[in-house]
Amino acid sequence: MVTSYFRTNLSRDRLGPKQCGLLYRLRWQIELLNKVCKSDNGMSTVNSEKPHIIIEFLILSLLKALFKTIMAHLT
């Protein structure tokens with residue numbers, strides 16, 4: 001059995017250990033997606049002042065990240 005420790009500023013009566021673990025797991029997935037979007041998809045290098053180009057690049061980058069995630073889970 002693995003023991004995990006989480007530090008939080010929420011009181012125990014508001015958030016139990018199981019819920020805290022689930023929130024940290026969700027947060028970790030969000031952090032990984034942000035890392036993929038920033039490093040692998042080049043979202044930090046968008047160089048345009050036209051909103052439609054930025055939105056298209058963002059959507060395509062997120063689709064690419066989603067595709068990569070699905071392919072990783074299938075392998």
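Is Glu 31 buried, exposed or partly exposed? In this predicted model, Glu 31 has a relative accessible area of 39% and is therefore partly exposed, since that class lies between the limits of 20% and 50%. The surroundings of this residue offer a starting point from which the rest of the chain can be read.

Glu 31 takes part in a salt bridge: its side chain meets that of Arg 27, with a nitrogen-to-oxygen distance of 3.9 Å. This distance satisfies the criterion because a salt bridge requires a side-chain nitrogen of Lys or Arg within 4 Å of a carboxyl oxygen of Asp or Glu. Both residues belong to helix α1, which covers residues 17-40, and they are four residues apart, so about one helical turn separates them. Side chains of opposite charge can pair when their charged atoms come close. By the rule applied here, the count of salt bridges comes to one. As for the charges of the chain in general, there are 11 positive and 5 negative ones, and the mean positions of the two sets lie 10 Å apart.

The overall architecture comes next. The chain contains two helices and zero strands. Its radius of gyration is 17 Å, whereas a compact globule of 75 residues would have a value near 11 Å. Along the principal axes, the C-alpha trace extends over about 50 × 35 × 15 Å. Of the 75 residues, 12% are buried. The accessible surface amounts to about 7,200 Å², and carbon and sulfur atoms contribute 62% of that area.

Helix α2 spans residues 51-74 and includes Leu 60. Leu 60 has a relative accessibility of 57% and so counts as exposed, the threshold for this class being over 50%. Leu 60 is also one of the members of a nonpolar surface patch. The other residues of the patch are Ile 55, Ile 59, Leu 63, Leu 66, Phe 67, Ile 70, Met 71 and Leu 74, and the accessible area of the patch as a whole is about 920 Å².

Leu 62 is likewise placed in helix α2. With a relative accessibility of 37%, Leu 62 counts as partly exposed. A C-alpha distance relates this residue to another part of the chain: Leu 62 and Cys 20 are 42 residues apart in sequence, and their C-alpha atoms are separated by 27 Å. Cys 20 falls within the range of helix α1, residues 17-40, while Leu 62 lies in helix α2.

Methods: Residues numbered from 1 in each chain as written. Predicted model: local features only at pLDDT ≥ 70, side-chain atom pairs only at ≥ 80, totals over all residues. Heavy atoms only, no water. Rg over C-alpha atoms; globule rule 2.2 N^0.38 Å. Buried < 20%, exposed > 50% of the residue type's maximum accessible area, 1.4 Å probe, protein only. Areas by Shrake-Rupley, 256 points an atom, 1.4 Å probe, with all protein chains shown as cover. Lys, Arg positive; Asp, Glu negative; His and termini not counted. Charge placed at Lys NZ, Arg CZ, Asp CG, Glu CD. Patch = residues over 30% accessible without salt bridge, like charges linked within 9 Å, V, L, I, M, F, W, Y side chains within 5 Å.
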